[in-house]
Amino acid sequence: NLSEKLDKAFHILKGHGKITEVNVADTLKEVRRALLDADVNFKIAKDFTARVKDKAIGQDVLTTLQPGQLLVKLVKDELTELMGGDVAGINLQGSPTVILMSGLQGSGKTTFSGKLANYLKTKKNKKPLLVACDIYRPAAINQLHVVGQQIGVDVYSEPDNKNPVVIAENAIAFAKANGFNVVIVDTAGRLAVDQEMMDEIARVHAAIKPQETLFVVDSMTGQDAVNTAKAFNDILNFDGVILTKLDGDTRGGAALSIKSVVNKPIKFVGTGEKMEAIDVFYPDRMAERILGMGDVVSLVERAQEQFNEEEARKLQKKIAKNEFGFDDFLAQIQQVKKMGNMKDLVGMIPGASKAMKDVQIEDDAFKHIEAIIYSMTPAERKKPALIDVKRKNRIAKGSGTKVEQVNQLMKQFDQMSKMMKMMQGPGGKNLMKMMGN
Ligand code: GDP
Ligand code: MG
């Protein structure tokens with residue numbers, strides 16, 4: 001992938017005491033090749049390396065940094081610039097704020113509409129309304145209702161109305177009358193850019209005059225993503241780009257090219273199918289990630305978001321009273337899972353993606369553990385000491401695992417309980433501090 005290739009490119013500089021024009025040129029040739037392989041537009045890649053080269057040659061070679069590191073920094077800074085430099089916020093003016101989704105079929109519009117509604121509701125204290133304007137497939141309206149139900153957001157639809165312009169206008173009137181302050185209009189897409197679709201979205205756009213018109217694009221589609229972005233931008237002059245499916249095996253080229261081709265910022269990224277899998281797009285973090293530096297800041301932020309102080313206090317009380325059971329253990333696992341899939345999380349740890357690249361990480365690494373716990377009776381979960389050999393056999397059968405796996409989990413649980421107990425006891429505060437350091 002791109003990170004590995006860039007890493008290889010920088011190896012050329014290893015062993016050189018200073019940056020010379022020759023080894024910089026060699027390295028940048030490799031960088032350019034890596035960018036092209038990642039589907040970055042040819043001209044962008046060429047300009048990119050030219051800029052880095054100018055800066056590298058102009059640098060004081062007596063710097064304390066290693067030349068390789070210096071070049072990595074220059075490349076990182078340029079990548080950041082290429083992806084827009086600063087974070088682009090979302091415009092929430094207007095009452096209600098009207099947000100229009102555009103993009104091809106399958107790009108992730110409906111999913112992202114739900115994610116954005118959930119984000120605005122939980123993080124920005126908004127009262128959003130989702131609007132179903134994909135009138136061509138009955139399943140599409142249904143899909144939005146399912147999404148709405150999942151996140152507790154109302155969905156406006158008119159199953160018998162075949163005019164998306166009218167539906168959108170009616171929805172806005174409905175929102176005004178019913179105290180919704182954000183209206184998110186989900187639209188129909190086609191598999192490829194076609195005139196009919198463009199005309200329709202242009203008509204909806206003209207009628208409802210959204211504060212934010214967002215173009216949703218599947219980051220796995222490479223150069224095509226850039227062409228589609230251009231076509232939609234020509235018609236809609238949209239305000240921002242949403243890159244979806246960044247959790248997949250994407251080559252990252254779309255993120256690098258789109259901003260410079262349409263000159264519109266990437267505002268959010270989608271990193272999974274779940275409603276929580278939405279992230280504000282940070283160009284500098286993305287650049288670091290591409291370069292394999294990991295994304296520690298995002299990781300820490302996600303952990304903090306999922307951490308609930310009140311829950312933690314309750315848990316501490318339980319531990320103190322020896323009441324920590326498998327139900328609590330399960331809740332802990334679910335917390336960790338909410339942070340994202342294991343592959344994503346590993347990708348955010350600096351160096352880890354490289355170290356783990358040959359290790360097969362299961363998408364759901366906790367599957368067995370959960371199955372085992374689900375096969376326990378409530379009494380067993382509350383009081384693990386009840387679980388004798390006979391019960392272990394039953395649990396293994398019920399969960400489709402082996403007794404050894406049940407034993408292993410019991411052991412892990414035991415160790416975890418002991419450790420938590422220890423951290424709470426006298427001197428526990430110090431132990432916590434020690435671990436924190
Ligand atoms: P639409 O046709 O543009 O409305 O696209 P949908 O929202 O229906 O999404 C198409 C498919 O992509 C669905 O199966 C979604 O679950 C999936 N999808 C959407 N966003 C993401 C994402 O960020 N990551 C992954 N892995 N899948 C996604
Ligand atoms: Mg859809």
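These legends walk through several close-up views of a predicted model.

**View 1. An aromatic pair joins helix H5 and strand S7.**
Let's begin with the rings of Tyr 119 and Phe 268, whose centres lie 5.3 Å apart. Their planes meet at 75°, so this pair is edge-to-face, as planes over 60 degrees apart are counted. Tyr 119 belongs to helix H5 (residues 109-123) and Phe 268 to strand S7 (residues 266-270), so follow the chain for 149 residues to get from one partner to the other; the pair links distant parts of the chain. Both Tyr 119 and Phe 268 are buried. In total, the structure holds 10 aromatic pairs.

**View 2. Phe 326 and Phe 329 pair within helix H14.**
Here the ring centres of Phe 326 and Phe 329 are 6.1 Å apart, and with planes at 85° the pair is edge-to-face. Both residues sit in helix H14 (residues 326-338), three residues apart, which is about one turn of the helix. Phe 326 and Phe 329 are each buried. Please look at Phe 324 and Phe 413 as well: together with Phe 326 and Phe 329, they form one aromatic cluster.

**View 3. Two arginines sit over tyrosine rings.**
In one example, the charged end of Arg 190 is placed over the ring of Tyr 136, 5.3 Å from the ring centre. In the other, the charged end of Arg 285 lies over the ring of Tyr 282, at 3.7 Å from its centre.

**View 4. Asp 134 and its contact with Tyr 136.**
Asp 134 is found in the loop between strand S2 (128-133) and helix H6 (138-151). Its relative accessibility is 8%, so Asp 134 counts as buried, the limit being under 20%. A polar atom of the Asp 134 side chain lies 3.5 Å from the backbone nitrogen of Tyr 136. You have met Tyr 136 already, as the tyrosine beneath the charged end of Arg 190.

**View 5. Glu 212 meets Lys 267.**
Glu 212 has its place in strand S5 (residues 212-218). With a relative accessible area of 2%, Glu 212 is buried. The side chains of Glu 212 and Lys 267 make a polar contact of 2.9 Å.

**View 6. Helix H9 has a buried side.**
Helix H9 (residues 222-236) has 15 residues, which at 1.5 Å a residue should span 21 Å; its end C-alpha atoms are 21 Å apart, so expectation and model agree. Its buried residues are Gly 222, Ala 225, Val 226, Thr 228, Ala 229, Phe 232, Asn 233 and Leu 236. These residues cover an arc of only 165° around the axis, and therefore lie on the same side of H9. Turn to the face away from that buried side, and you will find the exposed residues Asp 224 and Asp 234. After H9 comes Asn 237, whose phi is positive, near 45°.

**View 7. The surroundings of ligand 1.**
There are 16 residues around ligand 1, and the closest are Gly 106, Thr 110, Thr 111, Asp 247 and Glu 273. Backbone atoms also come into the picture: an N or O atom of the Lys 109 backbone is 2.8 Å from an oxygen atom of ligand 1. For Gly 270, a backbone N or O atom lies 3.3 Å from an oxygen atom of the ligand. Gly 272 likewise places a backbone N or O atom 3.3 Å from an oxygen atom of ligand 1.

Note on methods
Residues are numbered from 1 along each chain as its sequence is written. Chains are lettered from A and ligands numbered from 1 in the order in which they are written. This is a predicted model: local features need pLDDT of at least 70, side-chain atom pairs count only at pLDDT 80 or more; totals for chains, interfaces and linings use all residues. Side-chain values use heavy atoms; hydrogens and water are left out. Rings of Phe, Tyr and Trp (its six-membered ring) pair if their centres lie within 6.5 Å; planes under 30 degrees apart count as stacked, over 60 as edge-to-face and the rest as tilted. Helices (H or I, at least four residues) and strands (E, at least two) are DSSP runs, numbered from the N terminus. Buried means under 20% relative accessible area, exposed over 50%, partly exposed in between (1.4 Å probe, protein chains only). A charge sits over a ring if NZ of Lys or CZ of Arg is within 6 Å of the ring centre and within 35 degrees of the ring normal. The expected span of a helix is 1.5 Å times one less than its number of residues. The arc is that of the directions from the helix axis to the C-beta atoms. A residue is near a molecule or strand if one of its heavy atoms lies within 4 Å of it. A polar contact is a pair of N or O atoms within 3.5 Å; within protein, one must be able to donate a hydrogen and the other to accept it, and residues adjacent in sequence count only if both atoms are side-chain atoms.
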